[in-house]
Amino acid sequence: MLRATKDIKLPTTITGSLPRPTWYTENLGVRSFMDAMVNSEFREQYVDTVAIYLHEQALAGLDIVTDGDAHFDNDVGGQSWTAYPTRHMSGFNHADPRPTPAGKGGLLFPPGHILHDYLEARVMPSIVGPVGRGSLQYAAMWKTVQRMTKRPVKFGTIGPELVAFAVADHHYRNVKDRILAISDALNEELHELADAGCQAIQFEEPQIHLLAVRNIVDDVINPAFSVEVFNRTVRGLRAKTEVWCHTCWGNPSQQRMFPRVQSYKSALAMINKVDADVVTFESCSAGGMDLEAFGKEIADKKIAIGVIDHHTLQVERPEEIADHIRRALKYIPAERLVLSSDCGMGREGMSRRHAFYKMVALVQGTNIVRRELGLPEAECLAADPRYSLVVQAP
Ligand SMILES: [Zn+2]
């Protein structure tokens, strides 16, 4: 059900994460969010961080905002995105985190590669019993953020596959059972979030396209199963809220996981089967090479394309973003097009200013096209010339 993007033409948003303020030194660890919020130091730092994230997104003029993934810990390469469920769901031994065994088919990065650190940072609680929601507390987090803004707050979560791949398991018979158990627990959690009023829930990283391009032949872990997992995890949610499917090519430490830019083409027919209202694609870093295919293969759903690149510090110019949007509009009608970042900008290393000006450029570029189409523009206070301090020559 369209909620967050309903009635907005060319809505703008970001994937989720934003760079952490240096003074935000508190971390959750295995504490629950609500338990940590009892502590005045955590509460002040968390609430101030979210307030700044929301303020900067409003200054840029984004239509749909996020909490910047402020509940994640300051882990190497943004590993907390994966580790959060393992530290908070039930069925895991939170007291004894262990290194994740390297699985077959996993991407391997040798010592000397920056992502080798990321692999070493996969030290997570193991599964020792039936998995349940535990203290994920997504609804409490979302409420804490939504009460600070009138713009819809999109809430994102990692999906069950990557959590299942990242942990040792002493309970389930096989990886499929493990994935399905995590899927069911997440589904319960996401229903509570939707019932609380969240207008956009984003499932991050279904493995459909990642499995398709790697041609891994496996009776269990394959693109069709990945679609099944997505649809099981979000079942019933679209009757209540807007469901987003975030597809990307990986983003630990803001790194590409593949040596070359990948095309989504071989996976689009499968991606079209996900039970979602909006599907997101990286497009900026790929130079928009799949735009025509997105328009052809993704029927009925809204299509969010990334028009700013989270890998680079070069801030895109509004004119190049407008060009990208015009190219997209040749294949995707304005009613179905959403503008976003390729992926999150807060996984490691980007400064807050870079992220801020990328969001400002995103809205300015979209405004150029809105103007051409006679659509209402978003207010972008950050780009208002009346408040410039630069002294003009006489
Ligand atoms: Zn991503």
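**Strand pairing and helix packing**

Student: Which residue stands opposite V279 in β8?

Tutor: In this predicted model, C245 stands opposite V279 in β8. On the side of β9, the bridge partner of V279 is I303.

Student: What makes β7 and β8 a pair of strands?

Tutor: Two strands pair if DSSP finds at least two bridges between them. Three bridges join β7 (residues 242-246) to β8, and the two run parallel. The criterion is met, so β7 and β8 are a pair. One of the contacts along β8 has V278 as the bridge partner of W244.

Student: How do you know that β8 is paired with β9?

Tutor: By the bridge count again: β8 and β9 (residues 302-308) are joined by four bridges and run parallel. At least two are needed, so β8 and β9 also count as paired. Helix α11 (residues 291-297) belongs to this region as well, since β8, α11 and β9 make a right-handed β-α-β unit.

Student: Why are V278 and T280 called buried, and what about the other side of β8?

Tutor: Buried means under 20% relative accessible area. V278 and T280 on one side of β8 (residues 278-281) fall in that class, as do V279 and F281 on the other, so both faces are covered. In general, side chains of a regular strand alternate between the two faces of the sheet.

Student: What makes β6 a mostly covered strand?

Tutor: Five of the five residues of β6 are buried. A200, Q202 and E204 point one way, while I201 and F203 point the other way.

Student: How many bridges link β6 to β7?

Tutor: Five bridges join β6 to β7, in parallel, and I201 stands opposite V243 in β7. β5 pairs with β6 over five bridges, also in the parallel sense, with G156 opposite Q202.

Student: What is the strand order of the open sheet?

Tutor: Its six strands follow the order β5-β6-β7-β8-β9-β10, with parallel pairing.

Student: Why are β5 and β10 said to stand at the edges?

Tutor: β5 (154-158) and β10 (337-341) each have a single partner strand, so one side of each lacks a neighbour in the sheet. Ignoring direction, neighbouring strands of this sheet are turned by 25° against each other on average.

Student: What does helix α12 touch where it packs on the sheet?

Tutor: Helix α12 (residues 318-329) touches β9 and β10, and its direction makes about 155° with that of β9. Angles over 145 degrees count as roughly antiparallel, so α12 is roughly antiparallel to β9.

Student: Why are α2 and α5 called oblique to each other?

Tutor: The axes of α2 (residues 40-60) and α5 (residues 138-146) come within 10 Å and cross at roughly 60°. That value lies outside the ranges for roughly parallel, under 35 degrees, and roughly perpendicular, 65 to 115. The helices are therefore oblique. The crossing is right-handed. Y46, V50 and L54 in α2 meet M141, T144 and V145 in α5.

Student: Which residues of α9 are buried?

Tutor: In α9 (residues 223-233) they are P223, F225, S226, V227, V229, F230 and T233. Their cover includes α6 (160-165), α7 (175-196), β6 (200-204), α8 (208-214), β7 and α10 (268-271).

Note on methods: Residues are numbered from 1 along each chain as its sequence is written. This is a predicted model: local features need pLDDT of at least 70, side-chain atom pairs count only at pLDDT 80 or more; totals for chains, interfaces and linings use all residues. Side-chain values use heavy atoms; hydrogens and water are left out. Buried means under 20% relative accessible area, exposed over 50%, partly exposed in between (1.4 Å probe, protein chains only). A crossover is right-handed if, with the strands pointing away from the viewer, the path from the first strand over the helix to the second runs clockwise. Axes are lines fitted to C-alpha atoms, for helices over the stretch in contact, and angles run from 0 to 180 degrees between N-to-C directions. A crossing is left-handed if the near helix is turned anticlockwise from the far one by less than a right angle, and right-handed if clockwise. Contact means heavy atoms within 4.5 Å.
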